[in-house]
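I have a fresh notebook page and a chain to get to know. Here is what I looked up, entry by entry.

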Amino acid sequence: MKNAYLLLILCFTLFSCKEQKSEKKEVVTEIEAPKQWLTFDGSIDNTKHIVLVSGDEEYRSEEALPQLAKILSNHHGFKCTVLFAQVPAEPGIVNANYVNNIPGLDALDSADMLVMLTRFRALPDDQMQHFEDYLKSGKPLVGLRTTTHAFNFPKESTSKFVNYGNYYDGELSEWKDGFGRLVLGENWVNHHGHHKHQSTRGIFAKGAEEHPITNGIVSGEIWGPTDVYGVRFPMQENVEPIILGQVVNRTGEYDENDVLFGMKPTDIELATENNVGEKVNDKLMPISWTKTYQIPNGKEGKVFTSTIGAATDLLNESVRRLIINAVFWTMDETVPEKANVDLVGDYKPSAYGFQTDEYWLEKQLKVSDLE
């Protein structure tokens with residue numbers, strides 16, 4: 001009897017242990033994948049999709065384009081996707097100096113509009129193919145600042161898209177001087193104003209006061225701390241200048257700790273020469289223009305180019321309105337009489353300038369930080 005009692009207790013204990021064991025559940029911690037791009041949903045049914053591609057080492061496109069996307073989404077209802085340069089081994093971390101990777105470019109396959117601020121990218125063929133397919137479709141494009149020299153491939157490159165490079169001079173004669181010249185109307189020429197010392201004031205080109213892109217803008221109110229870029233004259237026949245850039249002297253002292261380097265929107269003194277002795281305001285350079293483009297075997301499309309448009313340029317309301325108006329115009333949308341271009345969130349852009357590779361490694365700027 002005693003043995004039976006002990007056996008009963010043993011069975012009960014074993015059964016209880018088994019029950020407790022079966023109740024234990026494996027806890028799995030889900031690690032959220034890092035965001036490699038930003039998406040801002042539109043507020044309008046069947047709204048158009050705008051893809052904004054950043055990737056330049058100098059003018060803080062990683063700050064400028066999310067702000068433009070927020071304006072276009074929050075104030076105007078468009079769906080916007082913003083893409084960034086990243087090292088493949090560190091997805092979700094912005095590295096503007098890394099020229100060989102911009103994840104998410106397949107968004108271009110369904111995009112209605114492309115806005116670019118890139119510089120000297122040498123992307124792999126599978127990523128470049130998305131640009132090629134987009135341009136062949138003849139869809140609209142807005143190119144800002146260094147997008148005139150958006151791509152650059154080394155001489156030893158075996159890429160199928162070396163013709164996009166800024167210095168291309170190969171067998172495809174129609175692509176001479178690359179993407180900037182063929183698509184936008186000009187590639188990299190030079191700094192016409194004194195870099196970081198002479199700012200830009202934009203005035204209307206002759207007849208541009210009637211153009212929808214200048215809606216809500218007063219000639220002379222466009223201003224930015226980036227200098228005027230040089231262009232070659234005569235410009236291409238299908239180029240229509242919209243804004244001309246006056247080169248303006250800094251009245252205060254140079255200040256490397258100021259995001260505007262000591263230049264101010266109130267500066268009004270027109271320069272006579274730049275730092276290399278060239279006359280700068282005798283013949284004004286277009287800083288914004290429209291053009292039609294058509295790459296070989298592609299359809300015709302509309303493009304707007306503006307060499308003003310860096311992150312700190314966007315502090316100026318008229319610069320923002322110029323770009324937003326251009327997005328509407330190139331998409332064949334009605335340009336608002338005075339578009340809402342109020343800044344969204346706390347926008348404090350960094351000063352433009354090159355940074356070391358170590359800077360980006362230490363900064364560890366997450367794409368999600370730019371939402």
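**Entry 1: Asp-332.** I started at Asp-332, which is exposed because its relative accessible area is 59%, over the 50% cut-off. I keep in mind that this is a predicted model. I placed Asp-332 in the loop between α5 (317-330) and α6 (357-363). Its backbone caught my eye too: Asp-332 is not a glycine, yet its phi is positive, about 65 degrees.

**Entry 2: Phe-120.** I then turned to another non-glycine residue with a positive phi, Phe-120, where the angle is about 50 degrees. Phe-120 sits in the loop between β4 and α3. Is Phe-120 buried or exposed? I found a relative accessible area of 17%, which is under 20%, so Phe-120 counts as buried.

**Entry 3: helix α3.** From that loop I walked on into α3, residues 125-136. I checked the span of this 12-residue helix: 16 Å from the first C-alpha to the last, close to the 16 Å expected at 1.5 Å a residue. Which residues of α3 are buried? My list reads Gln-127, Met-128, His-130, Phe-131, Glu-132, Tyr-134 and Leu-135. I noted a piece of helix geometry beside it: with 3.6 residues a turn, residues three or four places apart in an α-helix point the same way. Next I asked what the buried residues of α3 pack against. Their partners are the strands β2 (49-55), β4 (113-118), β5 (141-144) and β9 (285-293), together with helix α4 (178-184). After α3 comes Gly-138, with a positive phi near 75 degrees.

**Entry 4: Leu-141.** I stayed with β5, the strand that holds Leu-141. Leu-141 has 0% relative accessibility, so it counts as buried. Which residues does Leu-141 touch, leaving aside those up to four places away in sequence? Among them I wrote down Met-113, Leu-114 and Met-116, and also Leu-135, which is one of the buried residues of α3. Further contacts of Leu-141 include Phe-179, Val-183 and Leu-184, as well as Lys-302, Val-303, Phe-304 and Thr-330. For a sense of distance, I took Leu-141 and Glu-358, which are 217 residues apart along the chain: their C-alpha atoms are separated by 33 Å.

**Entry 5: helix α2.** I went back along the chain to α2, residues 61-75. This helix has 15 residues and reaches 21 Å between its end C-alpha atoms, close to the 21 Å expected at 1.5 Å a residue. Why do I call α2 largely enclosed by the rest of the structure? Because 13 of its 15 residues are buried. α2 is followed by Gly-77, which has a positive phi near 80 degrees.

**Entry 6: a cis peptide.** I looked up the bond between Phe-233 and Pro-234 and found it cis, with omega about -5 degrees. Pro-234 belongs to the loop between β7 (222-224) and β8 (240-249).

**Entry 7: the whole chain.** Last, I stepped back and counted 6 helices and 10 strands. The radius of gyration is 26 Å, against near 21 Å for a compact globule of 371 residues. Along the principal axes, the C-alpha atoms fill a box of roughly 115 × 50 × 45 Å. Buried residues make up 53% of the chain. Of the contacts between residues at least 6 apart in sequence, 74% join residues at least 24 apart. I closed with the charges: the mean positions of the 36 positive and 54 negative ones are 4 Å apart.

Technical notes:
Residues numbered from 1 in each chain as written. Predicted model: local features only at pLDDT ≥ 70, side-chain atom pairs only at ≥ 80, totals over all residues. Heavy atoms only, no water. Helix = DSSP H or I, 4+ residues; strand = E, 2+ residues; numbered from the N terminus. Rg over C-alpha atoms; globule rule 2.2 N^0.38 Å. Buried < 20%, exposed > 50% of the residue type's maximum accessible area, 1.4 Å probe, protein only. Contact = heavy atoms within 4.5 Å. Lys, Arg positive; Asp, Glu negative; His and termini not counted. Charge placed at Lys NZ, Arg CZ, Asp CG, Glu CD. Expected span 1.5 Å × (residues − 1).
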